[in-house]
Number of protein chains: 2
Amino acid sequence: MLDGIRPARLRWRNRIMLKRYLPILEWGRTYNGAVLTNDLVAASIVTIMLIPQSLAYALLAGLPPVIGLYASILPLVAYAIFGTSRTLAVGPVAVISLMTASAAGAVAAQGTAEYLEAAITLAALSGIMLAVLGLLRAGFLANLLSHPVVSGFITASGLLIATSQLKHILGIRADGDNWPALLGSLGSALDGTNAWTLAIGIPVTLFLFWVRSEAKPALERFGLRPRAADITAKAGPVVAVMLTIIAAIIFKLEERGVALVGEVPQGLPPFAVPSTDLDLIEQLWVPALLISIIGFVESVSVARTLAAKRRQRISPDQELVGLGAANIASAFSGGYPVTGGFARSAVNFDAGAETPAAGAFTAVGIALASLFLTPLLSSLPVATLAATIIVAVLSLVDLKTPGRLWRYSKADFAAHIATIGMTLLAGVEVGVIAGVGVGLLLYLWRASRPHAAIVGRVPETEHFRNIERHAVFTDPHILSIRIDESLTYLNAHWLEEFVMEEVADHPELHHVILMCSAVNAIDASGLESLEAINHRLEDGGIKLHLSEVKGPVMDKLERTHFVEDLGGKVYLSQARAFADALRDNGDSDLQPHDLARGQI
Amino acid sequence: MLDGIRPARLRWRNRIMLKRYLPILEWGRTYNGAVLTNDLVAASIVTIMLIPQSLAYALLAGLPPVIGLYASILPLVAYAIFGTSRTLAVGPVAVISLMTASAAGAVAAQGTAEYLEAAITLAALSGIMLAVLGLLRAGFLANLLSHPVVSGFITASGLLIATSQLKHILGIRADGDNWPALLGSLGSALDGTNAWTLAIGIPVTLFLFWVRSEAKPALERFGLRPRAADITAKAGPVVAVMLTIIAAIIFKLEERGVALVGEVPQGLPPFAVPSTDLDLIEQLWVPALLISIIGFVESVSVARTLAAKRRQRISPDQELVGLGAANIASAFSGGYPVTGGFARSAVNFDAGAETPAAGAFTAVGIALASLFLTPLLSSLPVATLAATIIVAVLSLVDLKTPGRLWRYSKADFAAHIATIGMTLLAGVEVGVIAGVGVGLLLYLWRASRPHAAIVGRVPETEHFRNIERHAVFTDPHILSIRIDESLTYLNAHWLEEFVMEEVADHPELHHVILMCSAVNAIDASGLESLEAINHRLEDGGIKLHLSEVKGPVMDKLERTHFVEDLGGKVYLSQARAFADALRDNGDSDLQPHDLARGQI
């Protein structure tokens, strides 16, 4: 097999393969001091932003806050080695945290060792799935999540997450992974609202909303340059964290019933071994698959957007490998599922990160934080973290998309609304599955009833156009049908029925010409149906012709008996087919098609 | 809302709706003596053929033989009222009987009351599902089963069924719903083979094979006319039944260890009420859905084939209602799932049936048989029924299709082989699901990486063709891309990457023209990606144009801001777009594209 490939060529191929799976070999080669400085600056800024965010998302996942820090160390290093985006920042994100809470909550109670074990196992399973899909080059599977489904899912998750955090602002207990359960639970516990918690939660929430929208212009008025103002504004949550820690200590808030983060273990992430309990794996593999797919789609769309801005490229298949490695690293260091997040990646990008090394430096920053800063965090009110989450996720809620989709495409609107509705009513897993299912069903429904037009010749030209839209010439003995879709098993019967119905309506026919300019493929079922049409037309003394068959389609047809068995011929151009059929009729009965009467 | 619709019009609409759901109103109106005679003759012939077949299929389903008769009475009447095929004969069929055995066997042991209850419940669930899908006009769902999947499933089921009946020919016990289990079970019981059973089973099998292939010419040599010979040959199983009953009585076969059918209750079907036990329904709904879909696809393809021969038409949506009614009728009369069978429908057609009334008359025939003939059947050897099944199903095994598919389409071949393999190895349910899954995955994979060609102008014409297949003119400042697929969420990212990659390779570009003659639809995700391409090209100082956009697609685009935001223009013809771009360049740098060097 290798005859003719010289050893040098082989070595070159191996190097290409290695670079494909280890992108670090590509950018690492040209790494230098200037790039290092940029990466270090970006890493410092991202580290400061990530500390409160990681704690908050762990809380959302129902895990001890320190797990959020663990999930922000080794995964970043793994992604730096295997990922293809120069600026993506991986770690805990809101939607994946919510999905983790929902999946782990189904097998164990929050706060137990089993719950933590389930979260770690989710990361391991998800990592393995992503890596395997990457090695199989199955990135195309992410296409199953259409834009309307993803945006619906993100809007609904944002609403669910914000609602789920209200309990921490109110200082009450409430549970549920869908709106009816959450709202019911919140409503019945409302009496127990803690005024001191509310006195922390509401001002922090308002402050963070203000920071998000107003801090940048305010800082610019104070004389900061736009970019500096922007980055400083991103540190708003850190200010809130510090101020509320001080408030908690001064006012002895814990004694007044305000929930604090409590003792956070100091030190580096432990070495953890994910569970190999088959029962647990059987319960978790479906949620792990959903987490993988959602995480991958979110991450790839962020990476794609950022790469486009700098005219760089990412490889979706290799991104699967990179995220897989990040999740496996997370599992083995006691973390939970991670992916590339939008907010942190945007900050990393804006702060000037140039290579994935910035991610590795961020990991060092978070590691230092978990070594030295954790004692300070024990007095942090949980309400502060909840406010951080609420403000972050409400910005994900997109109220303009439904109207836009409704105007453009009812099918896409239906998929969007089904995703939002099912996510709010039945939780994140059901929501994603429903969205993908509805999208696919509508796609298949549309594919099963494609568009076809009866065409006639535009006077004085060789063009053929729809008789319902243009003034064209037709002949009562010739029926020209333009098929506007590939012939696949999804629509094979449709074509048969369409042709036979038209033939039944036109008893004078001698020729049927199928104009295949928009037929991009014909599968085995499509071929069966063409054969059936040919036989049935032959029985009725009508010749079937094809015109404008594309090269790749014709190549395949020639491997079968179809062309030999065809009653008529295959023509390169529809004009030629029509002219031949006219000549064969022996008359010239060409007549203007009467648009008003809708006849041929 | 009803202004302007006169009452007469409304009555007329109601009548149309009523006829749609009750096709009997259509053919019943013109029923007369001549048609009645033809229907009665066909019914008598089908009745004689159906009696052994119904008993055999009930045995295959693991049910008492009489259940096969029950399932051949009321369902035929229900289909006669609601079905749209003039000649389809419904009742127990091989594949559905096997699926019933597999589903009922998962919840109860054969021979128990629970097993029978499960079979009846399957019929009820399947009937309700079919009827609901029919009222929702969801006949298109059957398209999910491509021809390669259905033919693979039928081949594999034929092999499985024939194997499962070997035990009755050998007179041993064996179990399993897939090949490994069946063959293992048969192998370990082989020692117990009963010679007397074998002495019945083998000759009957050989006789039936002979009848199927040789009886018709032999009868013609005896002077029968072809059609009469054909129909007489179809009575072969009845001859085998009669002869083996006589043999069983004369040789006292029961005492020699030959299994006989045993006492068959005499009388009409009882009124049965399907179970409303939610646990049972939860266990059975998935198999019931699969039975519904497989039954529907089998039945519709038979009905379509027969209707085409007489230039009649069937309505797939109304067929769902007809089969739903038949299954509900089966459930309420103690039967099990039924559908339109190929063999019996072909006999009905050949024997001259003209309307569904023939089915109703067949029902009367079977009812008379269950009233008066059942005592005779108690001495019938089970081996005779098994031989009937084996000969019937082996004719379903199609060994030519794999080779044909391999040559035409590797994807269809893969779906075919996956279906055969999974059905044999893991049983009928897994087999169908795997076939549909593989077919869909391959379809989506193909849809996610469609064909696009860079095109140039054919000299002296207004035609544009693929630069890799034709000698054409191109310009270094203009890139014309013909997109050979609709732009949907499945391929939205592909287009973005294809265009940006080509643009990166051609730094001199000023214009990109997307030729949309084969773009039959653009969904919301496709629109997003066009917008993204437009923005990214604008950033690079390149104008994006569209050409040859189809009417329905343009109508939708005009509802958005896309056309306003477009850097370039939308042209009716590619020739015009190319000419404008050339003029805009201010030069005429048109050059023949060098096919050999593969450059633009």
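Which residue of chain B forms a salt bridge with Lys550(A)? Here are some notes on that point and on the rest of the interface; please keep in mind that this is a predicted model.

1. The partner is Asp484(B): the closest N and O atoms of Lys550(A) and Asp484(B) are 2.9 Å apart. This pair belongs to a wider set, as eight salt bridges are counted between chain B and chain A. In polar contact across the interface there are 22 residue pairs, both residues being at pLDDT 80 or more.

2. It is worth looking at which helices of chain B do the touching. Those giving two or more residues to the side facing chain A are α8 (147–170), α13 (278–309), α19 (401–408), α21 (428–448), α22 (492–505), α23 (524–539) and α24 (551–557). The largest share, nine residues, comes from α21(B). Sorted by class, the side of chain B that touches chain A holds 23 nonpolar, 15 polar and 21 charged residues.

3. Now for the extent of the contact. Each chain is well represented, with 59 residues from chain B and 59 residues from chain A. Together the two chains bury about 5,400 Å², of which 52% is on carbon and sulfur atoms. Three tyrosines, Tyr408(B), Tyr443(B) and Tyr489(B), supply 16% of the area that chain B buries against chain A, more than any other three residues.

4. Finally, the symmetry. A turn of 180 degrees with a shift of 0.1 Å along the axis lays chain B on chain A with an RMSD of 0.1 Å, which is the relation of a two-fold axis. Within chain B, the residue closest to the rotation axis is Ala518(B), at 2.2 Å (C-alpha). The copies meet through the same surface, because 100% of the interface residues of chain B are also interface residues in chain A.

Key. Residues numbered from 1 in each chain as written. Chains lettered and ligands numbered in written order. Predicted model: local features only at pLDDT ≥ 70, side-chain atom pairs only at ≥ 80, totals over all residues. Heavy atoms only, no water. Contact = heavy atoms within 4.5 Å. Buried area = accessible area lost by both parts, 1.4 Å probe. Salt bridge = Lys/Arg side-chain N within 4 Å of Asp/Glu carboxyl O. Polar contact = N/O pair within 3.5 Å; in protein donor to acceptor, adjacent residues only side chain to side chain. Helix = DSSP H or I, 4+ residues; strand = E, 2+ residues; numbered from the N terminus. Nonpolar A, V, L, I, M, F, W, Y, C, P; charged D, E, K, R; others polar. Least-squares fit on C-alpha atoms with pLDDT ≥ 70 in both.
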